[in-house]
Amino acid sequence: MFKLDEFKQLVRDFGDVADFLVVYVAEAHSTDGWSFGNNFDISEHQSLEDRLSAAQILLQNDPLCPVVVDEMSNVSAIKYAAQPERLYVLQAGKILYKGKIGPEGYNPLEVRSLLQKMK
């Protein structure tokens with residue numbers, strides 16, 4: 001997850017006003033796909049078990065909030081245009097903030113600004 005430390009700081013600072021959740025979607029940079037040299041060794045998910053196993057790597061880095069995995073049909077990634085990653089703030093079923101697609105548009109500071117107004 002891009003900028004994991006900044007995300008974790010959001011959880012620490014705003015855990016009293018927001019519930020945080022990470023949805024692990026299809027691996028954007030699998031080793032058998034379009035990968036970077038500094039990636040973790042994660043192959044493209046062929047099954048839900050593969051995706052759950054890959055999510056364990058994120059859990060080892062303690063994101064400080066629950067982590068769930070998207071279905072193999074990628075319903076969450078498609079619905080929220082979350083590939084490879086994206087930040088959202090929802091309240092009462094409405095989208096208050098829809099960040100730009102990461103990694104370039106992944107901006108925890110924008111989420112921080114919104115949550116400060118809600119505090």
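Here is a short chat about a predicted model of a single chain.

User: How many helices and strands does the chain have, and in what order do the elements run?

Analyst: Sure, the overall layout comes before the details. The secondary structure adds up to four helices and four strands. Reading from the N terminus, the order is α-β-α-β-α-β-β-α.

User: Which residues have the most contacts inside the largest nonpolar core?

Analyst: That core holds 20 residues. Helix 1 (4–14), strand 1 (22–24), helix 2 (48–60) and helix 4 (108–118) each put in at least two of them, and helix 1 gives the largest share, with five residues. The ones with the most contacts inside the core are F7, F20 and V111.

User: Is F20 buried or exposed?

Analyst: F20 sits in the loop between helix 1 and strand 1. Its relative accessibility is 15%, and the cut-off for buried is under 20%, so F20 counts as buried.

User: What is F20 in contact with, leaving aside its neighbours within four places in sequence?

Analyst: Part of the list goes back to helix 1, which covers residues 4–14: F7, L10, V11 and F14 are contacts of F20. Helix 4 covers 108–118, and L115 is on the list too. In full, the contacts of F20 are F7, L10, V11, F14, G15, C65, P66 and L115.

User: How far apart are the C-alpha atoms of F20 and K8?

Analyst: Along the chain, F20 and K8 are 12 residues apart. In space, their C-alpha atoms are separated by 9.8 Å.

User: Which residue forms a salt bridge with D13?

Analyst: The count of salt bridges comes to one. D13 is in helix 1 and its partner is in helix 4, 99 residues apart, so the pair links distant parts of the chain. The closest N and O atoms are 2.7 Å apart, and the partner of D13 is R112.

User: Is D13 buried, exposed or partly exposed?

Analyst: The relative accessible area of D13 is 26%. Buried would need under 20% and exposed over 50%, so D13 is partly exposed.

User: Which residue is the bridge partner of V89?

Analyst: Strand 3 (residues 88–91) and strand 4 (residues 94–98) run antiparallel, joined by four bridges. V89 falls within the residue range of strand 3. Over in strand 4, its bridge partner is Y97.

User: Which residue takes a positive phi in the hairpin of strand 3 and strand 4?

Analyst: There are two residues between the strands in this hairpin. The positive phi is near 50°, and the residue that takes it is A92.

User: Which residues form a nonpolar patch on the surface?

Analyst: One of them is V68, which lies in strand 2 (residues 67–69). With 36% relative accessibility, V68 counts as partly exposed. Together the patch has about 220 Å² of accessible area, and its members are L21, V23 and V68.

User: How far apart are the C-alpha atoms of D50 and A26?

Analyst: D50 lies in helix 2 and is partly exposed, at 32% relative accessible area. Along the chain, D50 and A26 are 24 residues apart. The separation of their C-alpha atoms is 10.0 Å.

User: What share of the area the chain exposes do carbon and sulfur atoms supply?

Analyst: Of the 119 residues in the chain, 32% are buried. The chain exposes about 7,500 Å². Carbon and sulfur atoms supply 52% of that area.

Key: Residues numbered from 1 in each chain as written. Predicted model: local features only at pLDDT ≥ 70, side-chain atom pairs only at ≥ 80, totals over all residues. Heavy atoms only, no water. Patch = residues over 30% accessible without salt bridge, like charges linked within 9 Å, V, L, I, M, F, W, Y side chains within 5 Å. Areas by Shrake-Rupley, 256 points an atom, 1.4 Å probe, with all protein chains shown as cover. Salt bridge = Lys/Arg side-chain N within 4 Å of Asp/Glu carboxyl O. Buried < 20%, exposed > 50% of the residue type's maximum accessible area, 1.4 Å probe, protein only. Core = buried A, V, L, I, M, F, W, Y, C linked by side-chain atoms within 4.5 Å. Contact = heavy atoms within 4.5 Å. Pairing = 2+ DSSP bridges.
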